Amino acid sequence: MASPALVAVIGSGPAGIYAAEALVKQTDGDVRVDVFDRLPTPYGLVRYGVAPDHKSIKSIAKYLQRVLENPAVRFFGCVELGRDVSRTELLDCYDAVIYSTGAMVDRQLRIPGEELPGSIAATDFVNWYCGHPDAADHSFDLSVEEVAVIGVGNVAVDVVRILAKTAGELRETDVPEQVIEALSASRVKRVHMIGRRGPAQAKFTTKEARELGELPNASIHVSPEDMDLDPASAELAGSDRKVGGNIKALSAWTGEPAAGRPRHIDVRFWRAPAEIIGSDRVEGLKLERTRLDETGRVIGTGEFETLPVGLVMRSVGYQSVPLDGVPFDERSYTVPNEGGRITGPDGDPVPREYVAGWIKRGPSGVVGTNKSDAAETVRNLLEDLEGAETNPKRTIEELLESRGLPVVTYEDWLRLDAAEIALAESLDRGERVKLARWEAMTSACRGRE
Ligand code: NAP
């Protein structure tokens, strides 16, 4: 192994930055880590996935910042794997490469009407309110009065909460100005959150669910029949802390909803989406009633109902996308690996290539889960590099320079960071207001208004 070892990390979300941190810690700094991102901004889902009103989770960025400021770590923004540098070129420049590109694409429902205008992937809506540059020009028809959010995971809870809050409640957050304007004009009155299984099978966590019941401008209701628990679910509610907590939180919403609030949330269980209805845009959502069979599998009962919604937000999970030349399992949408070591079709490890985060294990866990996940990958990487003959053939600087790429450095990002903080001050809005358009972001990186 060359000393110091040279490692490239692809993706500057929590998994990538925790991997950089583990590399520095586990080698006592005898390493050089280059962290790449296709965006000019670091922090991945902490910046573009964590909801704007979840300030304490967002503050993880401060911890991640310290890693990027370690002298052994460099940030290369606006460099995209596959577009600007190839996998083989990276392997020419580094002793090892860690892919931590996350899971940024929405899973499909595969039901009729899914492609209708007004049927929206939650990822698009989340990207939009989080100020992701790919979604800056998206628009959502918030002139409708009823919206369905499919799925009962934490992303669905975030989406429901943002739809149910007033723009005024979000003014102190970092959402872009155009998002505040669009939300101010929202005419949404009723949001349905729909689970295809029962309350004991909901994926959301109790703390997140409770926040829906604490919204000052929205009432909430769950029908008592939807809270009926089969014996197995009742047992689970007694033995599993999260399930028990969720049932308690949900049970508090079975009574008469608070009166006089401008918005209302209906949480509905035992309903699977069957069809999104409409001729040239969403006009309704057809749901089939469900139950669990004796094996715990969800099955349809043949009873249908239609909700008169004008927007459907599909929040049924994320999935990773394959990276050119890197093995990919099309069933689990992850890169096959053992402890972060990528494995090839023969099951043997692929030399010098590793994964961390959601592309390694699928979209699960909280931000902090990525820390131990990345540390495991790094332990295995360093064990493999010990005594290995690796001689990078060229330098990344030479390669990027030869392409004339407008790379964003960490110092460039700090200028954009400062511009967002200044914008918040000028608008009298919280600590930061995000710049969402590519042009505005890259201009700010160069120190131009
Ligand atoms: P998730 O937790 O996997 O939830 C996905 C939901 O979609 C489940 O309710 C699932 O139901 C449902 N679903 C899947 N396929 C469906 C179908 N065909 N029809 C109807 N419903 C379907 O995924 P997520 O909400 O995207 O969250 C991803 C990860 O990020 C999770 O680990 C989550 O905790 C984390 N996250 C955390 C926070 C936070 O801590 N505040 C915030 C956001 C996200 P089934 O269970 O029946 O499959």
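Me: Which helix gives the largest share of the shell around the ligand?
Reply: In this predicted model, helix H7, residues 154-164, supplies the largest share, with 3 residues. In total, 23 residues surround the ligand, and Val152, Asn154, Arg196, Arg197 and Gly365 are the closest.

Me: What makes the pair between Asn154 and the ligand a polar contact?
Reply: A polar side-chain atom of Asn154 lies 3.1 Å from an oxygen atom of the ligand. A polar contact needs N or O atoms within 3.5 Å, so this pair qualifies. Val152 offers a backbone N or O atom at 3.0 Å from a ligand oxygen, and Ser315 has a backbone N or O atom at 3.5 Å from one.

Me: How much of the ligand does the protein bury?
Reply: Taken alone, the ligand exposes 930 Å², and the protein buries 84% of that.

Me: Where is Glu208 found, and what does it contact beyond its neighbours within four places in sequence?
Reply: Glu208 is found in helix H10, which covers residues 206-213. Leaving those sequence neighbours aside, Glu208 is in contact with His54, Asn154 and Val157. Asn154 is also one of the residues closest to the ligand.

Me: Why is Glu208 called buried?
Reply: Buried means under 20% relative accessible area, and Glu208 is classed as buried, so its value falls under that cut-off. Glu208 has no salt bridge, and the nearest side chain of opposite charge, Lys207, is 4.0 Å away.

Me: What joins the side chains of Glu208 and Thr205?
Reply: A polar contact of 2.6 Å joins them. That distance lies within the 3.5 Å cut-off, so the name fits.

Terms used. Residues numbered from 1 in each chain as written. Predicted model: local features only at pLDDT ≥ 70, side-chain atom pairs only at ≥ 80, totals over all residues. Heavy atoms only, no water. Helix = DSSP H or I, 4+ residues; strand = E, 2+ residues; numbered from the N terminus. Buried < 20%, exposed > 50% of the residue type's maximum accessible area, 1.4 Å probe, protein only. Lys, Arg positive; Asp, Glu negative; His and termini not counted. Polar contact = N/O pair within 3.5 Å; in protein donor to acceptor, adjacent residues only side chain to side chain. Contact = heavy atoms within 4.5 Å. Near = heavy atom within 4 Å. Areas by Shrake-Rupley, 256 points an atom, 1.4 Å probe, with all protein chains shown as cover.
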